[in-house]
Amino acid sequence: MPHPFTPLASVPVNARTARVHEEGWQSWSPSGAYALGDKPYRPTNDNWATVCYRPGHTVPDDTFQGEGLLALDPGDGSPVRLWAAADPTREVPSIRLVVTDGTAEVSANGPVKEWTGADIQSTLADWASGLGLEAPRTAPTVWCSWYEYFTHVTEDDIHENLRAMDTLDLPIDVVQIDDGYQKALGDWLTLSGRFRSRAGIADAIRARGRRAGIWTAPFLVDPASELAAEHPDWLVRSSDGAPLHAGRNWGHDLYVLDTTHPDAAAYLTEVFTTLRSEGYDYFKADFLYAGALEGVRHASVDALTAYRSGIELIREAIGPDAYLLGCGAPMLASIGLFDAMRVSPDTAPHRRPEADDYSQPGQDPAEFTGVGRQWQHGRLWINDPDCLMARPAVETRERWAAHVEATGGLMASSDRLLSLDEWGVATTRRLLGGVAR
C-alpha cells in the first residue's frame, strides 16, 4: 500500500504564468506541462485507469500529481524546482501539488530528492543525465504492420510490403510483424491461421537484406489461451486467489504471467530464445504495465522487482545485440533496461482520442505526451514517438509527420506502402533516410 503523503515544500507562484509538469506512470499515461488553471488529463473510465494509468493511485480534484517526477516553474523568475524519486528503479512515489492562496504546496508518499534549473525540460534533462546511463544505441529504421493491418495482418501482407520497399527504394532496416501472427496472448509460439511459418517469414525478410522484428505482450495472458488452461499456477493472483485482472482489451479480460514462477520464467525464456533462433533480432515488448501490477506472486517480491526481473529475463534470452523496444511500460521502473521506449499513447489516423481521454489512441494525445517527454531522448533511451502514417487517408498527416520528425527518435513507417501517394513516399523516404547512422 502507498505511504501517507508528507509535505515537501511551500512555493509562492504566479497564478497566471506558473507551469506544472506531471510525469505519467507508463508510456500511455498523459505527461506534460499545465498552467495552474488547466484541468490535467485523467482516466475517463475504470478500465483505462487500469490499462493506461497507475492503478490504486487516484488523484483528488484540483490536484496535480506526477508519478516519480513533478516539476514546477513558479512563473515569477525564480528557478524551476523538480521533485524526483530518490531511487526510481526501486520505488516510484506519487508527488502532489495543490495551489492555495498563491502558494504551491508539494507533498509525496515516498522518498524524493529536489533539483533546480532554468526551465522544465532542461531541468528534467539534467536529472536524467545525472543518472549516469550509457548513451543509447542508434535505433534502426522500421516498417511495422500495425497501423495498416492491426490484428488482421497476414503473411502475404508482409511479403507484399517487402516487395514494395524494394520497388520504392525505402531505407528500412527492420520489418516488424506486429500483433496478429500468434494464436492468442500467451500462446506466442502457436501461429494464427494467417501465418504459415514464423521462421520462414523471417528468412524472407533477411534474404532481402533487412532485419526481422516481432511484437509480443510478454506479461499478458488471454483467459482463453492454452497457457491459461494448462498452467493456471503461472498467473499472478489477486488477494482473493482469483487471477489478477489486468483490464480488458481485444474484447476480453486480461490476466498476468507470473515471471517469478520458475516454470513460467522458463516458458518465457523459451519463447524469446526460439524467436531469436528463428532470426528475429528486433523485439517490441508491449503492454508491459501488466508486469508491474500489484498482486500475489510465486515469489515474495514487490511488483517493481518482479517487473524488472521479467525484462532482464527477456534481455538475457535475446542477447545483448538484439534491439529491445518497450511500450506500455512503467517509465521510471524501466530505466536502464531498454534500447528504445514508446514515450506517448498510440497515434491513430485521427486526431482526437475516444472520450477525450489522453491515454487513448489519437494524434493529439500522442503529440502532447511525446513533446512532454522529449527530455528523455538520448538520456534514458531512444524515444519512440510512434509510427509515421503518411497515406492519404490519414487525418492531418503533414502535421503528424512533422511531429515525428522533430523528435529525432525512432523512425518507423506503418502504412501499406503501395497505398502511398507521391507525398507519402517522399516523406517516408526522407524521414527514414534522415536517421543518423
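**Entry 1: the eight-stranded sheet**

In which sense do strand β20 and strand β21 pair, and over how many bridges? I looked this up at the start, keeping in mind that I am reading a predicted model. Strand β20 covers residues 323-326 and strand β21 covers residues 340-342. I found that they pair in the parallel sense over two bridges. To see one position of this pairing, I went to L325, which stands opposite A340 in β21.

Next I wanted the sheet around these two strands. It is an open sheet of eight strands, and the pairing is parallel. Reading across, I noted the order β22-β21-β20-β19-β14-β11-β10-β23. At the edges I found β22 (382-384) and β23 (412-413), each of which pairs on one side only.

Then I asked which helices pack on this sheet, and I looked up two. Helix α5 (residues 198-207) packs on the sheet and touches β11 (174-177), β14 (211-216) and β19 (280-285). The direction of α5 makes about 140° with that of β14. Helix α7 (residues 262-277) packs on the sheet too, touching β14 and β19. For α7 I noted an angle of about 140° with the direction of β19.

**Entry 2: α4 beside α5**

Having met α5 on the sheet, I checked how it packs with helix α4 (residues 155-168). Their axes are 11 Å apart, and the helices pack at an angle of about 0°. Angles under 35 degrees count as roughly parallel, and α4 and α5 are therefore roughly parallel to each other. From α4, the contact takes in E155, I158, H159 and L162, and from α5 it takes in I201, A204 and I205. I sorted these by class and got five nonpolar, one polar and one charged.

**Entry 3: α7 beside α8**

I then followed α7 to α8. How do the axes of α7 and α8 cross? They come within 8 Å and cross at roughly 35°. The crossing is right-handed. On the α7 side I listed A265, L268, T269, F272, T273 and R276, and on the α8 side L313, I314, A317 and I318. The residues of this contact divide into seven nonpolar, two polar and one charged.

**Entry 4: an aromatic pair at α8**

While looking at α8 I turned to the aromatic rings. The structure holds 18 aromatic pairs. I picked one of them, F219 with Y307, which is edge-to-face. The ring centres are 6.2 Å apart, with 70° between the planes. Where do the two residues lie? F219 is in the loop between β14 and β15 (220-221), and Y307 is in helix α8 (residues 303-318), so the pair ties together parts that are 88 residues apart in sequence.

**Entry 5: α9 and α10**

One further helix pair went into my notes. Helix α9 (residues 363-372) and helix α10 (residues 397-407) have axes that come within 11 Å and cross at roughly 20°. That makes α9 and α10 roughly parallel to each other. The passing of α9 by α10 is a left-handed crossing. I wrote down Q363, D364, A366, E367, G370 and V371 as the contact residues of α9, with R399, W400 and H403 from α10. By class, the contact has three nonpolar, three polar and three charged residues.

**Entry 6: the four-stranded sheet**

Which strands form the antiparallel open sheet of four? I found β1-β8-β7-β4, in that order. The edge strands are β1 (6-12) and β4 (64-67), each pairing on one side only. From one strand to the next, the twist averages 20°. Inside this sheet I looked at strand β7 (residues 94-100) and strand β8 (residues 103-108), which pair in the antiparallel sense over six bridges. T100 stands opposite T103 in β8.

**Entry 7: a hairpin**

My last stop was strand β12 (residues 182-184) and strand β13 (residues 187-191). They run antiparallel and are joined by two bridges. Q182 has L191 of β13 as its bridge partner. The two strands, β12 and β13, form a hairpin with two residues between them. In the turn I noted G186, which has a positive phi of about 105°.

Technical notes:
Residues numbered from 1 in each chain as written. Predicted model: local features only at pLDDT ≥ 70, side-chain atom pairs only at ≥ 80, totals over all residues. Heavy atoms only, no water. Axes fitted to C-alpha atoms, helices over the stretch in contact; angles between N-to-C directions. Parallel < 35°, antiparallel > 145°, perpendicular 65-115°, else oblique. Left-handed = near helix turned anticlockwise from the far one by under 90°. Contact = heavy atoms within 4.5 Å. Nonpolar A, V, L, I, M, F, W, Y, C, P; charged D, E, K, R; others polar. Pairing = 2+ DSSP bridges. Phe/Tyr/Trp six-rings, centres within 6.5 Å; stacked < 30°, edge-to-face > 60°.
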